[in-house]
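Here are a few exercises on charged side chains and one pocket, each with a worked solution. Keep the structure open beside you as you go.

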Amino acid sequence: MLPPVVVRRLVLAPSIVVLTVLAFTGLPLLLLVAAAASTVLPGRWRPLRLLWMVLLYLVLESVALALLFALWVASGFGWRIRTPRFQHAHYEVVRWYLQVLFRECRRVLHVRVDVEGPPPTSYVGRPLLILSRHAGPGDSFLVVHALVNWYLREPRIVLKDTLQWDPAIDVVLNRLPNRFIRPNRDKRGRNHDPAERQIGELARNLDENDAFVIFPEGGNFTEHRRKRAIERLRRRGLVEEADRAEQLQHVMAPKPGGVLAALTSAEDADVVFVAHTGVEQMVTVLDVWRELPMDTAIEMRWWLVPAADVPKGREARVDWLFDWWKQIDDWIAERRAA
């Protein structure tokens, strides 16, 4: 059986390019089918919008893969791929990809993003630890887009290893200082140390234009996952933690291990908490299909906590993290009520 990395690089990535060529070869037929379907399906040109976004994704993936291959060749077939010059070039690819994707989401899907909090100038000259809620496949792209295109940061991201099955994400983020984490648990459901060690290593030596990004919930929020997480805490005898998690209605309880590791490794970094609402309903493909023709407003809120205001000690930091997650939960409730 072929290793997953071989399948991703030698099978899946070329397949995306081939699929892009086939899609544009059959574009006239696809347009006719989508236009005909738009006359009978509910919504405003729903199939045509979906077709446009699918074609955009294929083009972005194919062009990005071509650019990444060119950078690999130019770096001496990977010899200098980790040097500052080529690292910066890879961040430029990420910046372009997300900029085009965000622009087309606004134009085609009528997505509006409203941001509250300190302006980008408030973050200049300081390393940042970004702690964001996780509520769907689009929010991680939105947070990283904001960091690279609005705040001019070079993010280091902690992601689930399953995201490597996206070809462009697989190649570009494995060349940059990021970590794809595969949660390993023992029979009692506790995380093993290697993941936290990787997170701690990733958060070291942040400079003034770096931003370390982590999603403390560990996965997309759903009501089922929220209840399952609470039950898991009770089974482990963590009654107090389970009670605090039960008070959170719109987010899952944060998992403190990775956050504590990052705080320990980056004591001088300011902390930014990120909340958002508006993408929770777009979790499955069917959800995305239903939301395509609708005017969607995404609201984001950023809170900046100076490094000097971060408490010391494990227990104090765990309580501080839960308090902030309660504040995020309250903010989401207020925005939904409004």
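**Salt bridges and a pocket**

In this predicted model, 18 salt bridges are counted, using a cut-off of 4 Å between a side-chain nitrogen of Lys or Arg and a carboxyl oxygen of Asp or Glu.

**Exercise 1.** Find the residue with which R95 forms a salt bridge, and work out where the two lie and how accessible each is.

*Solution.*
- Start with the distance: the closest N and O atoms of R95 and E92 are 2.5 Å apart, and the two residues form a salt bridge.
- Next, place them: both belong to helix α4 (residues 84-108), at a spacing of 3 residues, about one turn of the helix.
- Now turn to accessibility, where buried means under 20% and exposed means over 50%. R95 has a relative accessible area of 16%, so R95 is buried.
- E92, at 35%, is partly exposed.

**Exercise 2.** Which residue pairs with R107 in a salt bridge?

*Solution.*
- The partner is E104, with 2.7 Å between the closest N and O atoms.
- R107 and E104 are 3 residues apart in helix α4, so about one helical turn separates them.
- E104 has a relative accessible area of 6%, which means that E104 is buried.
- As background, side chains of opposite charge can pair when their charged atoms come close.

**Exercise 3.** Describe the salt bridge between E223 and R226, then decide whether each residue is buried or partly exposed.

*Solution.*
- The closest N and O atoms of E223 and R226 lie 2.7 Å apart.
- Helix α8 (residues 223-235) holds both; they are 3 residues apart there, so the separation is about one helical turn.
- E223 has a relative accessible area of 34% and is therefore partly exposed.
- R226 counts as buried because its relative accessibility is 7%.

**Exercise 4.** Which helices supply at least two residues each to the lining of the second largest pocket?

*Solution.*
- First, the space: the second largest pocket holds about 350 Å³.
- Then the lining: among its residues are R9, L10, F69, W72, V171 and R175.
- Match residues to helices: α1 (4-25), α3 (46-74) and α6 (167-175) each give at least two. The largest share, 5 residues, comes from α1.
- Sort by character: the lining has 9 nonpolar residues, 1 polar and 2 charged.
- Finally, link back to the salt bridges: R9, one of the lining residues, is in a salt-bridge network with R8 and D170.

How values were computed:
Residues are numbered from 1 along each chain as its sequence is written. This is a predicted model: local features need pLDDT of at least 70, side-chain atom pairs count only at pLDDT 80 or more; totals for chains, interfaces and linings use all residues. Side-chain values use heavy atoms; hydrogens and water are left out. Helices (H or I, at least four residues) and strands (E, at least two) are DSSP runs, numbered from the N terminus. Buried means under 20% relative accessible area, exposed over 50%, partly exposed in between (1.4 Å probe, protein chains only). On a 1 Å grid over the protein atoms alone, a cavity is a set of points where a 1.4 Å probe fits but cannot get out, and a pocket is an open set with protein on both sides within 12 Å along at least five of seven lines; lining residues have an atom within 4 Å of a point. Grid points are joined across faces, edges and corners, and a volume is the space filled by probe spheres set on the points. Ala, Val, Leu, Ile, Met, Phe, Trp, Tyr, Cys and Pro count as nonpolar, Asp, Glu, Lys and Arg as charged, and the others, Gly among them, as polar.
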